[in-house]
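Got the viewer open? Set the side chains to sticks and keep the selection box handy, and we'll walk through a few stops together.

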Amino acid sequence: MKVKLCGLLLVIFFYAPQAYAETGVRIGLIQTLKGSATIQRGGQALAAAPGGEVYRGDLIQTAKGSAMGVVLEDDTTISMGAESEFIITECDFFPKEGRFSLVLRMLKGTFSYISGIMAKLAPEAVRLEIPDGTIAVRGTKLLVDVRE
C-alpha cells in the first residue's frame, strides 16, 4: 500500500507542473512590457516580450520594477505590476457555440482588470480567483492587490 501511495505521489510531483502548461491554445498576447517578465510554460521559463503569445495554463510573472499588459482574445485586458504572478486556468471563448469560461488565478501582486466581450455576453462565466476568495465579474473594471 505504501509503495502504491509513494508511486502516486511521484507521478503527481512530476506531472503537476505540466498541468499548468496546456500548450496549443493561444488565448492572448502580451501588449506591453516595462522591465522584464517570464512565462512558465511546460516546465520552462520563457522571457516575455511585447507581441508574445499567452497560452492557457501559463504562469506569468513580472520582475521587480516591471509591469506588463496582456490582452485576451475577447479583449479582456489584464495589467500587472511589479513582482506579480497569475495563471489563466480556464479560457474558452467560442461565441458561435455559446461556450464561455474565464478563470484567472491571481497569486500575488497588483492587477488591473478590464472586462472584455466574454463578461458582457456571459458574466457568470468569468471568475477572478485570489488566495482568500473569488471575485465574480459583471462587466467592469477593477484593481486587485494580492499580498503574500
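Is E129 buried or exposed? Select E129 and look at the surface around that residue: E129 is buried, with a relative accessible area of 15%, and the cut-off for buried is under 20%. One thing to keep in mind as you click around: this is a predicted model.

Stay with E129 and add R127 to the selection. The two form a salt bridge, and the closest N and O atoms are 2.6 Å apart. R127 counts as partly exposed, at 36% relative accessibility, so this bridge pairs a buried acid with a partly exposed arginine.

Next, select E97 and R99. Their side chains also meet in a salt bridge, at 3.1 Å from N to O. Here E97 is exposed, with a relative accessible area of 55%, while R99 comes out as partly exposed at 40%.

How many salt bridges does the structure hold? There are eight, and the next stop is another of them: select E53 and R26. The closest N and O atoms of this pair are 3.5 Å apart. Show the cartoon as well, because E53 sits in strand β4 and R26 in strand β1 (residues 26-34), so the pair ties together parts that are 27 residues apart in sequence. Switch to the surface and you'll find both partners partly exposed: E53 has a relative accessible area of 34%, and R26 has 37%.

Don't clear that selection yet. Add E73, and you have a network of salt bridges that links R26, E53 and E73.

Last stop: D58. Where does D58 lie? Follow the chain to the loop between β4 (53-55) and β5 (59-62), and D58 is there. D58 counts as buried, at 2% relative accessibility.

Now bring up what surrounds the D58 side chain. Select R41 first: its side chain makes a polar contact with the side chain of D58, at 2.8 Å. Then show the backbone of Y55, whose nitrogen lies 2.8 Å from a polar atom of the D58 side chain. Keep D58, R41 and Y55 on screen together and you can see the D58 side chain with a side-chain partner in R41 and a backbone nitrogen from Y55.

Methods:
Residues numbered from 1 in each chain as written. Predicted model: local features only at pLDDT ≥ 70, side-chain atom pairs only at ≥ 80, totals over all residues. Heavy atoms only, no water. Helix = DSSP H or I, 4+ residues; strand = E, 2+ residues; numbered from the N terminus. Buried < 20%, exposed > 50% of the residue type's maximum accessible area, 1.4 Å probe, protein only. Polar contact = N/O pair within 3.5 Å; in protein donor to acceptor, adjacent residues only side chain to side chain. Salt bridge = Lys/Arg side-chain N within 4 Å of Asp/Glu carboxyl O.
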